[in-house]
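Student: I should like to request a close look at a single part of this model, followed by an account of how that part relates to the rest of the chain.

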Amino acid sequence: MKIGTPLSYNSTKMLLLGSGELGKEFVIEALRLGIEVIAVDSYQFAPAQQVAQKYYVIDMKNPDQIRNIVYREKPDFIVPEIEAIDTDVLLELEKEGFTVVPSAKAVKYTMNRIGIRRLAAEEVGLKTSAYRFASDIDTYRKAIQEIGLPAVVKPVMSSSGKGQSIVREKDQIDKAWYYAQENARGKGGEVIIEEFIDFDFEITLLTVRTKNQGTLFCEPIGHIQVEGDYHESWQPQPMSETALERAKEIATKITDALGGYGIFGCELFVKGDQVWFNEISPRPHDTGMVTLVSQNMSEFEIHLRAILGLPIDIKLLSPSASYCFHASDWGVAPVYEGVEKALSIPDTKIRIFGKPTTRPKRRMGVALATGSSVEEARKKAKEAAQNIKVVI
């Protein structure tokens, strides 16, 4: 592997499609290895744009705009960071000789819940919750009857828990439909109705496909979601050896089916020794921000090394935790107070994402902590995060 000089004729270029907080950490790792990064998003001054050498603001669902930038920049790697992208143009670009990370197929499948669920359950044969799809409210109501209550309702096209809800009572059925429609990516449309699994806990198993080292794993990450959105995570999540082996088998099968090289965030439900596949993302996972302090290599460095075909050696350094802090209202150019108080807690760090605008419940940063146990780390991270005030 040869790496050129940034901003020169021989630079090694990565085009980042999506420039959020995960992309920002990935760019920082890429810059450390002398990679030139072009960060693209639908709004100006997105977190990763603030650290990349170059950026563009485009309509991420417009295939012509994506194609124009790719042919202008001629990147060595195209690295998607969000779901809201025209995935068909990535398939075309890959056929034309460009490298999409981890692969255009992986991006296409995972950014549509129909594709990934059918691949996992019907083609790969993984254990999943029972599910139905519906594109109109009558079919949706029938699907709810077939699945039974409680049921989980999600837009087919969405991310970070947007539009997701649990239907426990009959009077919530129609509300969940409209909530999914209002919060879907694009113009709404189809939803997936899933059987509610009464699991003990949910994990993210960061799974790494490499060119020369086979499939690697980070220690399992436990997490808590609120309204489908990650709020807190910790590593390692205690679980039985049997369950962990089953989780690794599931993650290996689905990532092999998707192909390519890079890190995948495989979400799994665990109850005792039983494991169900839930979802997967073909890139660093938001719950994996805990790896910024828990491991010798963060998920972002691992992703970069896997893309470049460089050696990877993953070690857990300490029980660790992350806890997010959010905005409470709409605003521009927020100010952060309480940072000194937060960092007065031993073994803590703060990451402020630098997002230029706020909205209710928007994730604006994360507190990270290590401890002698997961419980201690979670307590520190939560206390640190709660000291941060996002002032509009």
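Student: Is F269 buried or exposed? Please treat the aromatic pair that F269 forms with F199 in detail, and then place that pair in the context of the whole chain.

Tutor: The model is a predicted one, and what follows should be read accordingly. F269 is buried, since its relative accessible area is 10% and the limit for that class is under 20%. Its partner F199 has a relative accessibility of 27% and therefore counts as partly exposed. The contact thus brings together a buried ring, that of F269, and a partly exposed one, that of F199.

As to geometry, a pair of aromatic rings is described by the distance of the centres and the angle of the planes. For F199 and F269 the centres are 4.5 Å apart and the planes differ by 5°. The pair is stacked, because planes under 30 degrees apart fall in that class.

The position of the two residues in the chain is also informative. F199 belongs to the loop between β8 (191-195) and β9 (201-209), whereas F269 is part of strand β13 (residues 262-271), so the pair ties together parts that lie 70 residues apart in sequence.

The structure holds six aromatic pairs. One of them, formed by F45 and Y55, is edge-to-face, with 6.4 Å from centre to centre and 65° between the planes. This pair also links distant parts of the chain: F45 sits in the loop between β2 (36-41) and β3 (54-57), Y55 sits in strand β3, and ten residues separate them. Both rings have some access to the surface: F45 is partly exposed, with a relative accessible area of 44%, and Y55 counts as partly exposed at 30%.

The wider fold gives these pairs their setting. The protein chain contains twelve helices and 21 strands. Its radius of gyration is 20 Å, close to the 21 Å that the globule rule gives for 392 residues, so the chain is as compact as a globular protein of that length. The C-alpha trace spans about 60 × 50 × 45 Å along its principal axes. Of the 392 residues, 55% count as buried, and F269 is itself buried. Among contacts between residues at least 6 apart in sequence, 62% join residues at least 24 apart. The surface that the chain exposes comes to about 16,700 Å², of which carbon and sulfur atoms supply 48%. As for charge, there are 48 positive and 53 negative side chains, and the centres of the two sets lie 2 Å apart.

The backbone deserves attention too. Most residues other than glycine have a negative phi, and most peptide bonds are trans. Departures from both tendencies can be located in this model. A cis peptide bond joins V101 and P102, with omega at about -10°; P102 is found in the loop between α3 (87-95) and α4 (104-110). The bond from Q235 to P236 is likewise cis, with omega near 5°, and P236 is found in the loop between β12 (229-235) and α8 (241-258). That loop between β12 and α8 also holds P238, which is exposed, with a relative accessible area of 59%. From P238 to K248, ten residues apart in sequence, the C-alpha distance is 15 Å.

Positive phi values occur at A333 and K361. For A333, phi is near 50°; the residue lies in the loop between β16 (331-332) and β17 (335-337) and is exposed, with a relative accessible area of 53%. For K361, phi is near 70°; K361 lies in the loop between β19 (357-358) and β20 (363-370) and counts as exposed at 55% relative accessibility.

A further loop residue may be set beside these. D313 is found between α10 (299-308) and β15 (320-326) and is partly exposed, with a relative accessible area of 41%. Leaving aside neighbours within four places in sequence, D313 is in contact with N296 and M297. The C-alpha atoms of D313 and G365, 52 residues apart along the chain, are separated by 28 Å.

To return to the part requested: F269 is a buried residue, stacked with F199, and the pair ties together a loop and a strand 70 residues apart in sequence.

Key: Residues are numbered from 1 along each chain as its sequence is written. This is a predicted model: local features need pLDDT of at least 70, side-chain atom pairs count only at pLDDT 80 or more; totals for chains, interfaces and linings use all residues. Side-chain values use heavy atoms; hydrogens and water are left out. Helices (H or I, at least four residues) and strands (E, at least two) are DSSP runs, numbered from the N terminus. The radius of gyration is taken over C-alpha atoms; the globule rule is 2.2 Å times the number of residues to the power 0.38. Buried means under 20% relative accessible area, exposed over 50%, partly exposed in between (1.4 Å probe, protein chains only). Contact means heavy atoms within 4.5 Å. Accessible areas come from the Shrake-Rupley method with a 1.4 Å probe; for residues, only the protein chains shown count as cover. Lys and Arg count as positive and Asp and Glu as negative; His and the chain ends are not counted. The place of a charge is taken as NZ of Lys, CZ of Arg, CG of Asp or CD of Glu. Rings of Phe, Tyr and Trp (its six-membered ring) pair if their centres lie within 6.5 Å; planes under 30 degrees apart count as stacked, over 60 as edge-to-face and the rest as tilted.
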